[in-house]
Amino acid sequence: MMKTNWLLGAALSATALTFVASPVAAATKFEFWYGLSGDLSERVQEMCSRFNASQADYEIVCVSQENYENNLQNTIAAFRANKQPTVTQISDGGVVDLMLSGAFVPVRELMEKNGYQIDWSNYFSGISSYFSTSKGELLAMPFNSSTAMFYYNTDALKAVGFEGAPQTWEQVETIARDLKAAGYDCPIAFDPTGTWQWFEQFSAIHNQPIASNGNGYGGLDAVVEFNKGKFVDQLGWFKKMTDEGLMVHKSKAAGETANDAFTAGKCQMSSSSVADHGSFAKQAKEGVHWDVTVLPVWEGTERHNSLVGGAALWTLKGKTEEEYKGAAAFYNFIALPAEAQHWSTITGYIPVTNSGFEAMKAAGFYDAAPYKGRELAIQSLTATPPGEYTRGIRLGNFGAVRQEVAKAMQSVIFDGTDPQKALDDAAARSNEILRKFEQTYKGQQLP
Amino acid sequence: MERRAVYRNKVLPWLLIGPQLLLVLVFFYWPTSQALYWAFTLEQPWGGGNLWAGLDNFLYIFRDDRYWGTVLRSGFYALAATGLSMLVALTLASFVDRALKGTKLFQSVFIWPYAIAAPAAGVAFRFIFSPEAGLVGAVNDIWPGIWDPATNGMHALAMVIVCHAWLGIGYNFVFFLAALQMIPRSINEAGAMDGARPFRRMFDLQLPLIAPTAFFLLIMNIISSFTDSFGLIDTMTEGGPIGQTEVMVYKIYVDGFKGLDYSGAAAQSIVLMLLVIGLTFVQFKWVERRVHYN
């Protein structure tokens, strides 16, 4: 009796062991933190689901951090606690800190090691120059790229007799005056903290240096130069326009953001990212007809290429080989032509590769609403090949520098400070920030 | 009479204060030691290296007149918010103390604001004070542009101070009411019989007798205005137009997390900590002497 029980027990455990010995392979989970919210965040979540559904080896977990700043802060905090995600979306402001910290795995190395063939030269030079080493090797995977555009209300412009899209700031001023005279309260919605579109993009298009050493690419000893060029006059012009009521302050603090005021038809012109092209189409109030064009230049100026905005995907160090395989598979997935095209359809972000753009153009994607106008973003980015001051900005702690410029702009618009003085102060403080950054990374070179 | 608890069991007292000690160690001493380390070195945001900087970080912030502006602003904020809050709470407490009709109801209602989390109150007040859409913004219809916290730093600061004071009223009210009710009725009645009007009684009789409570509330309010103002400022003004509602604790956040200047922010937080410790020390040493305990 006992012997039978013992034999039975042994047989059962042996069977059980065989099950344990060959476990069903579970999908490797890895995390992706991104800084988009609202509509765009949902598009990312959909993309993550598609990736998970397309294969069974890896499972990506995508977490929104609301905005780029939060994502940078949270990723840094997680990294220091050794709980970092495998993939994180870092935008232009956070790039230099990350580059010098060595806390990432270069994307080329990652893809080559995992056997994926990517044509790195296919990416738009403006985009890759922002996220590459000085020798042109991409460090991060381009994902959502955009540039600043000028949005205008077609009905309002027609009402004052202007046909087509404004191309120069002089035209914008004339239109604004006519609109004001015709009774429009808010010709242009203006947020002085919008340094990206009103300061950085302006400087690039007019080929104005933001900092020496080719906007910082040449070394950590760069000094800022935005207080010496055309931006001083531009800031003075913003002040003049605001005083005359042609540009109206719209921001979260004032009760309504510039974008909301534009889509509600309250303001007739504004500047924002091309990424908002899709959201505007959804949010525009009934009866608001609008269109988009490249940012204006001053008459007689040669237009240069604008700076790329948005962010790229960085792979962080300290994760397992399996997770890196998953990240590589994910990058490969988003680089698939069909997937990349889908991303550029459902959001306003532009295709990041030459071939992607050509394919969409050939397919007639940009011929009709609601996508017509987005090709102007590519036009803006490729107006000239990236030059010394238009390939990007590579300054340490650039977020802090941006804050100084934003404070200077606010000080001029709200308090009436002299633009030159405000920008000189901002430049002095920005240089201190840069020197402190240089000291923190003493002896290190930009990659 | 000195009050002391003597435990025969040697281990028991340690077990009893253990949890609290643990909290203080983990949430105060550990971060503070980290901050001290960062304040004397140059810390890289992503970790991976420190460069010894000695007193450079401190000299850097002391040389900065924007930093001193922040210090002055924090001081003004502390005094204004504390004064406003305690004044209103004292007034309400003295009215409630008179046991008029509806006292019981008011007693509970006046405490409610304290239960509201600062960010929630911040969002609500931001709407109320909004220049375009808010209730207070209605004055802009009569005198256009008179109330504009979005561009006027003084308006924004006033808005935040009022909201902070409002939140603290409940807390101060509870203590003031308790203190007032501890005063024997006979003292008030004697004063009334001598012909003293309510205001006289308040100033000559009640205030001196609630002085210990008032002193305690003064410390708590000032410390709270230095450290608890963060939630309000972040939701209401984010440092305000042109950084004019940046108090010391908010500047630490902006410099450290947004500006990625960990060392500078650490130096600032050490200074803030010393300031709060110093304030508490000063108040215990000096003000205590003037306080009459019954």
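Start your tour by selecting chain A: 50% of its 447 residues are buried. Keep in mind throughout that this is a predicted model. For the complex, the predictor reports an ipTM of 0.82 and a pTM of 0.86.

**Stop 1: Chain A as a whole**

Colour chain A by secondary structure, and you can look for 19 helices and eleven strands. Along the principal axes, the C-alpha atoms of chain A fill a box of roughly 105 × 55 × 40 Å. Now think about how the chain folds back on itself. Taking contacts in chain A between residues at least 6 apart in sequence, 76% join residues at least 24 apart.

**Stop 2: Two domains**

Next, give each domain of chain A its own colour. Select 28-146 together with 308-381 for domain 1, then 148-306 together with 396-440 for domain 2. How far apart do the C-alpha centres of these two domains of chain A lie? The distance is 27 Å.

Now turn to the place where they touch. Here 23 residues of domain 1 of chain A are in contact with 25 residues of domain 2 of chain A. On the domain 1 side, the elements of chain A that each supply at least two residues are α4, β5 (141-146), β11 (309-316) and α17 (375-381). Helix α17(A) has the largest share of that side, with five residues. By class, the domain 1 side divides into eight nonpolar, twelve polar and three charged residues.

**Stop 3: A pair of strands**

Stay with two of those elements and select β5(A) and β11(A). These strands pair in the antiparallel sense over five bridges. To see one position across the pair, click on A:Asn144, which stands opposite A:Ala311 in β11(A). Why is β5(A) described as largely enclosed by the rest of the structure? Because six of the six residues of β5(A) are buried.

**Stop 4: Two residues to compare**

Select A:Glu137 first. You will find A:Glu137 in the loop between α6 (125-130) and β5 of chain A. Is A:Glu137 buried or partly exposed? A:Glu137 counts as partly exposed, because it has 15 C-beta neighbours inside 10 Å. Not counting residues up to four places away in sequence, A:Glu137 touches A:Arg108 and A:Ser132. If your viewer has a distance tool, try A:Glu137 and A:Val172: they are 35 residues apart along the chain, and their C-alpha atoms are separated by 40 Å.

Then move to A:Gln201, which is in helix α9 (residues 195-205) of chain A. A:Gln201 has 24 C-beta neighbours inside 10 Å and therefore counts as buried. Leaving aside neighbours within four places in sequence, the contacts of A:Gln201 are A:Thr147, A:Ala148, A:Trp196, A:Leu295, A:Ser306 and A:Leu307. Use the distance tool again on A:Gln201 and A:Phe238: these residues are 37 apart along the chain, with 15 Å between their C-alpha atoms.

**Stop 5: The nonpolar core**

In soluble globular proteins, nonpolar side chains tend to be buried together. In this model, the largest nonpolar core has 180 residues. Those with the most contacts inside this core are A:Ala140, A:Met149, A:Ala312, A:Tyr331, B:Ala93, B:Val160 and B:Phe176, so select them as landmarks. Helix α7 (residues 153-182) of chain B gives the most to this core, with 14 residues. Domain 1 and domain 2 of chain A both give residues to this core, so the core lies between them.

Zoom in on one landmark, A:Met149. Apart from neighbours within four places in sequence, A:Met149 has contacts that include A:Ser271, A:Val292, A:Leu295, A:Leu376 and A:Ala377.

**Stop 6: Where chain A meets chain B**

Now show both chains. Their contact takes 30 residues from chain A and 22 residues from chain B. On the chain A side, the elements giving two or more residues are α3 (68-80), α4 (95-101), α18 (398-415) and α19 (419-440) of chain A. Which of the elements gives the most to this side? That is α18(A), with eight residues. Coloured by class, the chain A side shows nine nonpolar, 13 polar and eight charged residues.

**Stop 7: Confidence in chain B**

Finish by colouring chain B by pLDDT. Chain B averages 87, and 96% of the residues score at least 70. Among the elements of chain B, helix α3 (residues 65-97) has the highest mean pLDDT, 93, and helix α4 (residues 103-109) the lowest, 82.

Methods
Residues are numbered from 1 along each chain as its sequence is written. Chains are lettered from A and ligands numbered from 1 in the order in which they are written. This is a predicted model: local features need pLDDT of at least 70, side-chain atom pairs count only at pLDDT 80 or more; totals for chains, interfaces and linings use all residues. Two residues are in contact if their C-beta atoms, placed from the backbone, lie within 7 Å. Helices (H or I, at least four residues) and strands (E, at least two) are DSSP runs, numbered from the N terminus. Ala, Val, Leu, Ile, Met, Phe, Trp, Tyr, Cys and Pro count as nonpolar, Asp, Glu, Lys and Arg as charged, and the others, Gly among them, as polar. Domain bounds come from an automatic or database domain assignment. A residue is buried if 20 or more other C-beta atoms lie within 10 Å of its own, exposed if 12 or fewer, and partly exposed in between; C-beta atoms are placed from the backbone. pLDDT is the predictor's confidence in each residue, from 0 to 100. Two strands pair if DSSP finds at least two bridges between them. A nonpolar core is a set of buried Ala, Val, Leu, Ile, Met, Phe, Trp, Tyr and Cys residues joined through C-beta atoms within 7 Å.
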